[in-house]
Amino acid sequence: MSAASEVAERDDVTTNELMAVTVSRLLSDDDLVFVGVGTAGRAFSLAVGIPLVACRLAQLRQAPGLDVYWGNLLNPDLSSVPETLTQGAITRWRGAYAPADIGNKVDMLVRGEFDVSFESAAQIDRYGNLNITRIGRGDVPDVRLVGCLAQPEHLAFVKRPVVVMDLSRRAFVEQVDHVTSRGHGVGPGSRAALGYRTAGPSAVVTDRCVFDFAEDGRLRLRSLHAGQSLEDVLARMSFEPVVDGAVAQTPAPDDSELHDVRRLIDPRRTLLRA
Amino acid sequence: MVEGWTGDWTMKSKLVSVSEAASLVPPSSTLVVGGALLRRQPIALVRELVRREVRDLDLVTWASSLATDLLVGAGCARSWEGIYVGLWWYGLAPSFRRAVESGALRVTDHSESYMTARFRAAAMGLPFLPVQPIPGTRMTARDDVRRVICPYTGTELHTVAAVEADCTILHGYVGDEFGNVAWPAHRDSDDVDLIMAAGARTLVVSVERIVPHDTITQHPNLTYIPHVKVDAICEAPFGAWPGSCDTEYDEDGEELERWAAAGRDPDAFHRYVEEAVLAAPDHDAFLERLGAARTKALEVAR
C-alpha cells in the first residue's frame, strides 16, 4: 500500500476505530481481560466489538501474552471471529478453555485474577458508580433494566475496569438511581473505608472523549477526540467533570494500527459495525 | 464396551410425557428455572405450566430470558430472583419489565458470585455460604445479605442463604429413560444447570432426545445429571424453542422479534400466548403446528 493511501485512510478514522485503538493502549502484556457477551447493535459494539478489537490489537503489539475471557470461553480464536455470533457460531468458536459451569469463571473473578474488565451501563455518575438494574428511585422503577450480572464483582475485584460508553446527559448523571456496582462511591477514601482492595474504575472511553479519575475519585476529562470541543462534551453531561487546565486531544491511531484493525482484525466489520 | 452388550439394568424408568413432568410443579411454590440467556430455557415445560395455569410461582434463575418473561406475562409468577432477565439481542424482556414497573412482580437482584453461592449452598446441603463482600451496593444493603466474621482470619464476610426451591426444571441435550442427562463433548457452558441440579429437591428435566442407556454408558463422564437426582424426564424436541439449544439449533430470530413486539402491549401478549401456547394442547401438537420445515431450518451442524 502506498504512503498516500495510508494517509487517506487516517483521514477517515471512524469513532469506533479511535475508541478501539484508545482502549488497546490501556492494555498491558500478560493482562487477563474479561469481555462480556453483549447484546445487539450499538450496545454490542461498546461491550464486545470495541473491547475485542482492542485486545487483539494489543496482542499484536505491546501485549503478546494478553489473555481474553469472552463469556465462558478463555482465549477464543481472535484471528477468526465468526461473521455473525449466532448460537451455533458461538458454540463452535475455538478456544483454550470453557469450564463445566460458569461458577469457575466467577471464582477467578472474585479471587482477583482478572486485570481488566469492560463495562457499559445505563447510568454512570461523577464517582464512576454504575447502574444496569433500574431507572428511577421509587419503590417501583420507572424503567426496569436487566439485573446485576457480574458487574458488581468487576468493579470490586478487577484491577483496572474500563468503562466504554457513549456520552449523553441521560447516561452521565450526577448520582446513579441505583448502585449496581460501586465505583469511587462518594469520594475520597470511600472504597478503602468499605474494605475494597482494588482501585476501582480506571478509565472511561466514550465516543467523544476519554476520562480517568482524579485522586478524590471524581471523573476527570483526559482528552477530547479530534473535532470535539470542551463545550460540546460538557453539554452532553448532567454534571461537570474535573477539568485540569487545557485538555489534550486523544492521540490518533497510527497507520499501522489502522491497517491492523481494518485488514487483519475486523476485515468484515463484524465487530465495529454499529 | 462389548459390542452388542445391553447390560442388566435395575434402574427404574422415569420417562413421562412433558405434560406429566410439568404436573410435578405445584402452584404457590418456589421454582428454579435453568438455562442461560436465550440458551436451553426449559420452554416446553414452561408452556405446559402456562396451559395448566400454575399460579403464584416464586422464580429463581441464573441469566433468564424467555422462561421468566412467559411465566410472568401469562400471570404464573409472583416474584423473581436472579442475575438477569432480558431477551439478549432482542432487547429487554417486555412482560417482565411491565410487571416490575407496575409493582405486580417482586424482584430481588443478585450478582453472579452471590447467586452462585446460593445455588452451591443448596448443592452442598448447607443453609448458607459466605462470600467475598461487595459492600456499598444496593444488593448488599438488603437484609437477606448478612455479615459474619471469619473464625480463622477475623475478616468480615457476607453470607447468602441457600436456594431452597420446591422444584427445579431444566432443559438438557440428551438423556436416557432412567434420567441420566448428558451433555455433548463441547458445548456452550455459560450456565449453572449442573449446580442447580445438584441442589434440587424435585428435579424435572426435558431433553431434546431420549437415547438408549447404552449410549450414556459409553461416556459416563458426559453425564452431568445422574438419574439418582432426577424425579421425571421427558422428551421435548425443540424444547427450548424459540430460544436455542447449543449444538442442536439456533434461536429463532423471527419468532423472538414477534415475541418482543407482542410483549409491548399486555393484550397483544395475551393473544400471542393464546395463539402460540394455548392453541396446542401439548408439546407434540405444538411441534406439529410449528412444522418441520421451520424447526429444520434452525438446526446447526453437529
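In which sense, and over how many bridges, do E9(B) and strand E10 (residues 156-161) of chain B pair? In this predicted model, E9(B) and E10(B) are joined in the antiparallel sense, and the pairing extends over four bridges. Within this part of the structure, Ile149(B) lies opposite Glu156(B), a residue of E10(B).

The two strands belong to an open sheet of three strands in chain B, with the order E8-E10-E9 and antiparallel pairing. Strand E8 (128-131) and strand E9 (146-149) of chain B occupy the edges; each has a single partner strand, and therefore one side of each is left without a neighbour in the sheet. From one strand to the next, the twist averages 40°. Helix H5 (residues 112-124) of chain B packs on this sheet, where it touches E8 and E10 of chain B. The direction of H5(B) makes an angle of about 145° with that of E8(B).

A further packing arrangement involves two helices of chain B. Two packed helices are described by the angle between their axes and the distance between the axes. For helix H2 (residues 43-51) and helix H9 (residues 266-278) of chain B, the axes come within 10 Å and cross at roughly 115°. The crossing of H2(B) and H9(B) is left-handed. On the side of H2(B), the contact is formed by Arg47(B), Val50(B) and Arg51(B), while H9(B) contributes Val273(B), Ala276(B), Val277(B) and Leu278(B). Classified by residue type, the contact of H2(B) with H9(B) comprises five nonpolar and two charged residues, with no polar residues.

How values were computed:
Residues numbered from 1 in each chain as written. Chains lettered and ligands numbered in written order. Predicted model: local features only at pLDDT ≥ 70, side-chain atom pairs only at ≥ 80, totals over all residues. Heavy atoms only, no water. Pairing = 2+ DSSP bridges. Axes fitted to C-alpha atoms, helices over the stretch in contact; angles between N-to-C directions. Contact = heavy atoms within 4.5 Å. Left-handed = near helix turned anticlockwise from the far one by under 90°. Nonpolar A, V, L, I, M, F, W, Y, C, P; charged D, E, K, R; others polar.
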